[in-house]
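The following exercises concern a single protein chain. Each task is followed by a solution that proceeds step by step.

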Amino acid sequence: MAAVRIEDVVGDFVSLRKQGQDFVGICPFHDDKNPSLHVSPRLGIYKCFVCDAAGNPVKFLMEHEKMSYPEAIEYLAKKYGIPLEYERNESDEERQQRSLRESLLIVNEFAEKFFMDQLRNTEEGKLMGMTYLKERGFKDATIDKFRLGYSPDAWDTFTKAALEKGYKEEYLIELGLTGKAQSGKLYDIYRGRVIFPIHNDAE
């Protein structure tokens, strides 16, 4: 599966447009008006934040082309000329847990890029965040390598941006990026702070 490019598989059936490091397109699993299908080459998955369709290349072929699992494996084997091994079928609970984890990874990826952009391309980020880092000896190469960012000192700048992109409120809260007041108003957990993302290479 590491050799299979998710954007190639989905791109065989859906017109995709590059958006940063990812791709977006009209979701084929519901009556989509705006591009809501997100394809992440880095994570190797697709995810629609409207109808919740999500999975890896095999899942896409099974759902979109109505292939059986063996047929999807054959399709990929012919496309890439690589050997693949069969695995046991997921239970409904395992499938739901994987879907949630994939959704949270994609939202985290958006958050990382948002905070990086705020640090590098906004006046507040440069004045507050970048100055803070430079005064403590951080060089540009280090800042870029570890993908450091800045969260603006505002009530809900990040949360609004995430919701406008179609990311679900429940995922933002689950990740601890967004809080919800008793009044129901959403707010950014991190405000006016330099952001140090944690990466797990094992995943």
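**Exercise 1. Place aspartate 52 and describe its backbone and exposure.**

Step 1. Aspartate 52 belongs to the loop that joins strand 4 (45-48) to strand 5 (54-55). Helices (H or I, at least four residues) and strands (E, at least two) are DSSP runs, numbered from the N terminus.

Step 2. The model is a predicted one, in which local features need pLDDT of at least 70, side-chain atom pairs count only at pLDDT 80 or more, and totals for chains, interfaces and linings use all residues. Residues are numbered from 1 along each chain as its sequence is written, and side-chain values use heavy atoms, with hydrogens and water left out.

Step 3. The phi angle of aspartate 52 is positive, about 70 degrees, although the residue is not a glycine.

Step 4. Aspartate 52 counts as partly exposed because its relative accessibility is 31%. Buried means under 20% relative accessible area, exposed over 50%, and partly exposed in between (1.4 Å probe, protein chains only).

**Exercise 2. Describe arginine 147 in the same terms: where is it found, and what is its phi?**

Step 1. Arginine 147 is found in the loop between helix 6 (140-145) and strand 6 (149-151).

Step 2. Its phi is positive, about 55 degrees, and arginine 147 is not a glycine.

Step 3. With a relative accessible area of 22%, arginine 147 is partly exposed.

**Exercise 3. Two residues lie in the loop between strand 2 and strand 3: aspartate 32 and proline 35. Determine the exposure and the contacts of each.**

Step 1. Aspartate 32 has a relative accessibility of 13% and therefore counts as buried. Proline 35, at 42% relative accessible area, is partly exposed.

Step 2. Contact means heavy atoms within 4.5 Å. Not counting residues up to four places away in sequence, aspartate 32 touches Gly25, Ile26, Cys27 and Leu37.

Step 3. With neighbours within four places in sequence left aside, proline 35 is in contact with Arg17, Val24, Gly25 and Ile26.

Step 4. Two C-alpha separations complete the solution. Aspartate 32 and cysteine 51 are 19 residues apart along the chain, and their C-alpha atoms are separated by 9.3 Å. For proline 35 and phenylalanine 49, 14 residues apart along the chain, the separation is 10.0 Å.

**Exercise 4. Is serine 103 buried or exposed, and which residues does it contact?**

Step 1. Serine 103 lies in helix 4.

Step 2. Its relative accessible area is 0%, so serine 103 is buried.

Step 3. Leaving aside neighbours within four places in sequence, serine 103 is in contact with Lys47, Phe49 and Tyr171.

**Exercise 5. Characterise glutamate 63.**

Step 1. Glutamate 63 is placed in helix 2 (residues 57-64).

Step 2. Its relative accessibility of 36% is why glutamate 63 counts as partly exposed.

Step 3. Not counting residues up to four places away in sequence, glutamate 63 touches Phe29 and Tyr46.

Step 4. Glutamate 63 and alanine 53 are 10 residues apart in sequence, and their C-alpha atoms are 8.9 Å apart in space.

**Exercise 6. How much space lies in the second largest pocket, and which elements line it?**

Step 1. The second largest pocket holds about 250 Å³ of space. On a 1 Å grid over the protein atoms alone, a pocket is an open set of points where a 1.4 Å probe fits, with protein on both sides within 12 Å along at least five of seven lines; lining residues have an atom within 4 Å of a point. Grid points are joined across faces, edges and corners, and a volume is the space filled by probe spheres set on the points.

Step 2. The lining comprises 16 residues, and those closest to the pocket centre are Gln19, Asp22, Phe110, Lys113 and Tyr167.

Step 3. Strand 2 (22-25), strand 3 (37-40) and helix 4 (92-121) are the elements that give two or more residues to this lining. Helix 4 gives the most, with six residues.

**Exercise 7. Summarise the chain as a whole: how many helices and strands does it have, and what share of its residues is buried?**

Step 1. The protein chain has eight helices and nine strands.

Step 2. Of its 203 residues, 36% are buried.

Step 3. The C-alpha trace spans about 55 × 45 × 30 Å along its principal axes.
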